[in-house]
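Dear colleague,

I am handing over the structure we spoke about, and you will find the sequence and the coordinates just below. My notes on what was found follow after that, starting with charged pairs and moving on to helix packing.

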Amino acid sequence: MISYNDKLWLPAIFSIHRADTVRRLAPLLLTMLAYTSVVAVIVLEVIDLTNPRDWSNVAVMHSLLGFVISTLLVFRTNTAYDRWWEGRRQWGQLVNSSRSLALKLAALLADLPTERAFFRQQIPAIAFSLAAHLRGESPEAEVVGAPTGTHQPNFLITKLFARLQGLRRQGVLSTEELLLVNPELVSLSDIVGACERIRNTPIPYSYSSFLKKFIVIYCLTLPFGYVMTLHYWVVPVVTFIFYVLASLEHIAEEIEDPFGTDANDLPTTEISTGIERVVSETLV
């Protein structure tokens, strides 16, 4: 995730980073630039228009469709951001649940250094394994210790349940004390499920495909509507319009899955490191 100062305009305007839409859309922008140039040359230099005013009436269609496409893009961007923000809320809850669980266990296991060491390792391991699981990666085996092919976060949560149940059977923890930490354990499982729901439920393909086709067709017909009024200025104008529309769709694609490794995705590794630091300080 990119860290920045939202009060500084110049760095935001002139900086080019690996997530910048200009860099990623460069092939499409160059294609649109070449296409618009060809249309402008043909219409202005080759075709002899007897009634340019009728030709320019094509712009009326774009005025009508402009509102439609802007509404669709607003809905698309808001939906994608809702998914990003929901993912951030779930990881914020993961931080709170991990901290709360560590605080309670620190008080309940004050005289049991071996047990404190176990939970000091296992609680942060859940966060690291969840980050890797959501990215489709394999966490470090020495951290998780789960057999290959198993659901790593669930395996670690199950180990926590089993360890606490063992302490209850040994008489170290009472049933009431076990119930005290149960909300945090349930919360960990709920967070895993919520994050998987976000990752495994993308925007319906038909909607995304329709919007891309709409943008392309809209921009491909723009030169015919404005070439007689803008002349060769239609080339940069249409290319810029395509850049704005395509960038909004590209940004929405990037943030709708907030658990990846793109520059604007959630910093799950950094959050996991923060959980590890807090838990280690609590269960020292």
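Arg-89 and Glu-86 are joined by a salt bridge, in which the closest N and O atoms are 2.7 Å apart; please keep in mind throughout that this is a predicted model. Both residues sit in helix H5, and because they are three residues apart there, about one helical turn separates them. Their surroundings can be described through relative accessible area, which is 46% for Arg-89, so that this residue is partly exposed, whereas Glu-86, with 18%, is buried, the cut-off for that class being under 20%.

Glu-86 also forms a salt bridge with Arg-197, and here the closest N and O atoms are 3.7 Å apart. Since Glu-86 belongs to helix H5 and Arg-197 to helix H9 (residues 175-200), this pair ties together parts of the chain that are 111 residues apart in sequence. Arg-197 is partly exposed, with a relative accessible area of 46%.

The structure holds eight salt bridges, and another of them is formed by the side chains of Arg-76 and Glu-256, at 3.0 Å from N to O. This pair links distant parts of the chain, 180 residues apart, with Arg-76 in helix H5 (residues 58-108) and Glu-256 in the loop between H11 and helix H12 (268-282). Arg-76 counts as buried because its relative accessibility is 1%, and Glu-256, at 15% relative accessibility, counts as buried too. As general background, side chains of opposite charge can pair when their charged atoms come close.

Which residues do salt bridges with shared partners join into one network? They are Arg-76, Lys-212, Glu-249, Glu-253 and Glu-256. Ser-208, a residue of helix H10, is in contact with Arg-76 and Glu-249 when its neighbours within four places in sequence are left aside. Ser-208 counts as buried, at 11% relative accessibility.

Turning to the packing of helices, the axes of helix H10 (residues 205-230) and helix H11 (residues 234-255) come within 9 Å and cross at roughly 165°, which means that H10 is roughly antiparallel to H11. The contact draws on residues of H10 including Ser-208, Lys-212, Ile-215, Tyr-218 and Leu-222, and on residues of H11 including Val-238, Ile-241, Phe-242, Glu-249 and Glu-253. Sorted by class, this contact of H10 with H11 has 16 nonpolar, one polar and three charged residues. The crossing in which H10 passes H11 is right-handed.

A second packing to look at is that of helix H6 (residues 113-135) with helix H8 (residues 152-169), whose axes are 8 Å apart and meet at an angle of about 160°, which means that H6 is roughly antiparallel to H8. Among the residues that make this contact are Phe-118, Phe-119, Ile-123, Ile-126 and Leu-130 of H6, together with Leu-156, Ile-157, Leu-160, Leu-164 and Leu-167 of H8. The residues of the contact of H6 with H8 divide into 12 nonpolar, four polar and three charged. H6 passes H8 in a left-handed crossing, while the crossing of H10 with H11 is right-handed.

With best regards

Definitions and conventions: Residues numbered from 1 in each chain as written. Predicted model: local features only at pLDDT ≥ 70, side-chain atom pairs only at ≥ 80, totals over all residues. Heavy atoms only, no water. Axes fitted to C-alpha atoms, helices over the stretch in contact; angles between N-to-C directions. Helix = DSSP H or I, 4+ residues; strand = E, 2+ residues; numbered from the N terminus. Parallel < 35°, antiparallel > 145°, perpendicular 65-115°, else oblique. Left-handed = near helix turned anticlockwise from the far one by under 90°. Contact = heavy atoms within 4.5 Å. Nonpolar A, V, L, I, M, F, W, Y, C, P; charged D, E, K, R; others polar. Salt bridge = Lys/Arg side-chain N within 4 Å of Asp/Glu carboxyl O. Buried < 20%, exposed > 50% of the residue type's maximum accessible area, 1.4 Å probe, protein only.
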